[in-house]
Every structure is written in structure tokens, then in C-alpha cells.
Amino acid sequence: MAGITTVTVKLGQAVAAEARRRVEDGKRARVVLSADDRWFTYRLPREEAARVRAAWREEVERLRRGGELLDTLDVLGAFGVRAELRARGWHRRWPPLPPEAPAEKGRWPGSRDRHYTGSLTLRLPAELAAQTRAGCWDVSKEAIAELRRWRDRNPGTVRDTTELALYEQHAVNITTPGDIWRAAIRRSLTAAQSAPNCPDTPPTRCDR
């Protein structure tokens with residue numbers, strides 16, 4: 001599945017600010033890395049310069065995949081999502097989502113992101129976003145069914161404490177895509193890799 005899926009992550013303002021700061025650090029690190037003599041193309045023959053630029057792009061992608069260069073929010077998000085799915089054992093092929101699964105842009109039953117005051121917009125590989133949704137559905141489908149039945153029994157505003165406790169019992173067993181996105185951002189921010197220090201005025205090389 002090719003393409004891009006745009007997701008909005010609801011999270012704390014401080015975490016969102018830290019993610020943006022980490023991306024700015026990554027951009028500065030990329031400038032430092034690009035100043036290495038390996039990527040110098042001035043006065044090189046055109047064909048050789050093209051090879052150097054291609055090698056530079058490959059190196060950037062390698063560093064991004066390994067979490068060593070998180071220079072855009074999209075890269076930071078995708079690295080974290082992949083790490084989170086691996087940690088959960090979700091990095092595999094899932095059965096197709098059934099019609100009763102929540103819509104791609106719909107709100108999941110049991111979602112608890114309304115109290116977050118910050119947000120980030122990520123453009124994730126479509127297959128990664130689909131894998132996340134499928135994993136969330138597979139581990140949550142029984143609890144979602146219970147929560148939907150609860151709502152059928154309790155339309156409108158509910159004040160009964162016993163019924164509210166039952167709602168919480170079902171909701172806590174639901175993992176939403178938003179839960180994964182937030183966990184992914186936290187994983188990226190706590191990644192062990194450190195970026196190189198950047199000089200105040202980095203050397204200038206060719207445009208990348």
C-alpha cells in the first residue's frame with residue numbers, strides 16, 4: 001500500500017513543543033553532517049556529483065530509519081510508530097479491517113484524547129498507519145463491541161455510577177490509534193541517539 005496518511009496527534013503541549021524542538025535539532029544536525037568532505041561536489045564532473053548527491057540522500061535515509069536523524073515531524077513520527085509496533089509485536093500482516101471497524105478518520109469508542117491541549121500533524125506512510133489501525137482493532141474489538149452495547153443501553157447522558165464504572169472497565173481495554181501515536185512520539189523523544197553539535201555558522205556546501 002503506497003501513499004501517505006495524515007494523522008493529527010492529540011497530546012500535551014509540553015510534549016508537542018519538545019517534539020518540535022527535537023526536529024529543529026535534527027535540522028541543524030543535518031547541516032553539520034552535510035558539511036563533511038564526503039559530500040563536497042564543487043567542481044566535480046556532473047556524473048560524479050550526481051553520484052555523491054545520491055549517496056548523501058541514501059545516508060540521510062539510513063540515519064532517519066535508525067532514529068539518528070529526526071529532522072522532520074514526519075520522520076520523528078514514523079520512527080516512533082515503527083518502534084512502538086515492534087515493541088508490541090504488531091509489526092506483521094493483519095486480517096483486513098471489517099466494516100464495523102471505526103472509520104479511518106472517525107473517533108474510536110473509548111477514546112480519551114479530549115483533555116489534551118496540544119497537537120501535532122504527521123504524514124505517515126499509509127501502510128504504517130493501516131497496520132496501526134489493524135492492530136488496534138484486533139486487540140480491542142471485543143471491548144469495542146461491549147462498549148457499543150453499553151451505549152445502546154445507555155443513550156444520552158449517564159449519571160449512574162455503576163454504569164459509568166462499567167464503561168470505564170470496557171474503555172480501558174481499548175487501544176486506539178491515538179494511544180499509539182502518543183506512545184510513538186514518546187519513544188522518539190527518548191531515543192538514545194544523540195545528534196552532533198552544530199557550529200553557529202556551518203560551512204556552506206552544495207544545495208541538497
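**Figure 1. Thr 176, tucked into a loop.** In this predicted model, Thr 176 sits in the loop that links helix H5 (161-171) to H6. Its relative accessibility is just 5%, so Thr 176 counts as buried. Who does Thr 176 touch, once residues up to four places away in sequence are set aside? The partners are Trp 108, Pro 109, Ser 111, Cys 136 and Arg 182. Keep Cys 136 in mind, since it gets a view of its own below.

**Figure 2. Thr 175, in the loop between H5 and H6.** Thr 175 has a relative accessible area of 17%, and the cut-off for buried is under 20%, so Thr 175 is buried. Leaving out residues up to four places away in sequence, Thr 175 touches Arg 88, Trp 90, Trp 108, Cys 136, Val 139, Ser 140 and Ile 180. Try following the chain from Ser 111 to Thr 175: the two are 64 residues apart in sequence, yet their C-alpha atoms are 8.4 Å apart in space.

**Figure 3. Cys 136, a buried residue of helix H4.** Cys 136 belongs to helix H4. Is Cys 136 buried or exposed? With a relative accessible area of 0%, Cys 136 is buried. Its contacts, not counting residues up to four places away in sequence, are Trp 90, Trp 108, Thr 175, Thr 176, Pro 177 and Ile 180. So you meet both threonines from the first two views again here, as Thr 175 and Thr 176 are among the residues that Cys 136 touches. Now look from Cys 136 to Arg 153: 17 residues separate them in sequence, and 25 Å separates their C-alpha atoms in space.

**Figure 4. Ala 130, also in helix H4.** Ala 130 is partly exposed, with a relative accessible area of 25%. Cys 136, by contrast, is buried. A good pair to find here is Ala 130 and Glu 104: they are 26 residues apart in sequence and 8.6 Å apart in space, C-alpha to C-alpha.

**Figure 5. Trp 90, in the loop between H3 and E2.** Trp 90 has 6% relative accessibility, so this tryptophan counts as buried. Which residues does Trp 90 touch, not counting those up to four places away in sequence? Here they are: Leu 85, Gln 131, Thr 132, Gly 135, Cys 136, Val 139, Thr 175 and Ile 180. Among these are Cys 136 and Thr 175, which you have already met. For a longer reach, find Ala 2: its C-alpha atom is 19 Å from that of Trp 90, and the two are 88 residues apart along the chain.

**Figure 6. Helix H3 and what it packs against.** H3 covers residues 73-88, which makes 16 residues. From its first C-alpha to its last, H3 reaches 22 Å, close to the 22 Å expected at 1.5 Å a residue. Which residues of H3 are buried? They are Val 75, Leu 76, Gly 77, Ala 78, Phe 79, Gly 80, Val 81, Ala 83, Glu 84 and Leu 85. These buried residues have plenty to pack against: helix H1 (13-34), helix H2 (46-65), strand E2 (118-125), helix H4 (126-153) and helix H6 (177-189). After H3 comes Gly 89, with a positive phi near 75°.

**Figure 7. Arg 43, a residue with a positive phi.** Arg 43 lies in the loop between H1 and H2. Most residues other than glycine have a negative phi. Arg 43 isn't a glycine, but its phi is positive, near 70°. Is Arg 43 buried or exposed? Its relative accessible area is 73%, so Arg 43 is exposed.

**Figure 8. Stepping back to the chain.** The chain has six helices and two strands, and along the sequence they follow the pattern β-α-α-α-β-α-α-α. Its radius of gyration is 22 Å, well over the 17 Å that the globule rule gives for 208 residues, so the chain is more spread out than a compact globule. Along the principal axes, the C-alpha atoms fill a box of roughly 75 × 35 × 25 Å. Buried residues make up 38% of the 208. If you take the contacts with a separation of 6 or more, 83% are between residues 24 or more positions apart. About 12,600 Å² of the chain is exposed, with carbon and sulfur atoms supplying 49% of that area.

Note on methods
Residues are numbered from 1 along each chain as its sequence is written. This is a predicted model: local features need pLDDT of at least 70, side-chain atom pairs count only at pLDDT 80 or more; totals for chains, interfaces and linings use all residues. Side-chain values use heavy atoms; hydrogens and water are left out. Helices (H or I, at least four residues) and strands (E, at least two) are DSSP runs, numbered from the N terminus. The expected span of a helix is 1.5 Å times one less than its number of residues. Buried means under 20% relative accessible area, exposed over 50%, partly exposed in between (1.4 Å probe, protein chains only). Contact means heavy atoms within 4.5 Å. The radius of gyration is taken over C-alpha atoms; the globule rule is 2.2 Å times the number of residues to the power 0.38. Accessible areas come from the Shrake-Rupley method with a 1.4 Å probe; for residues, only the protein chains shown count as cover.
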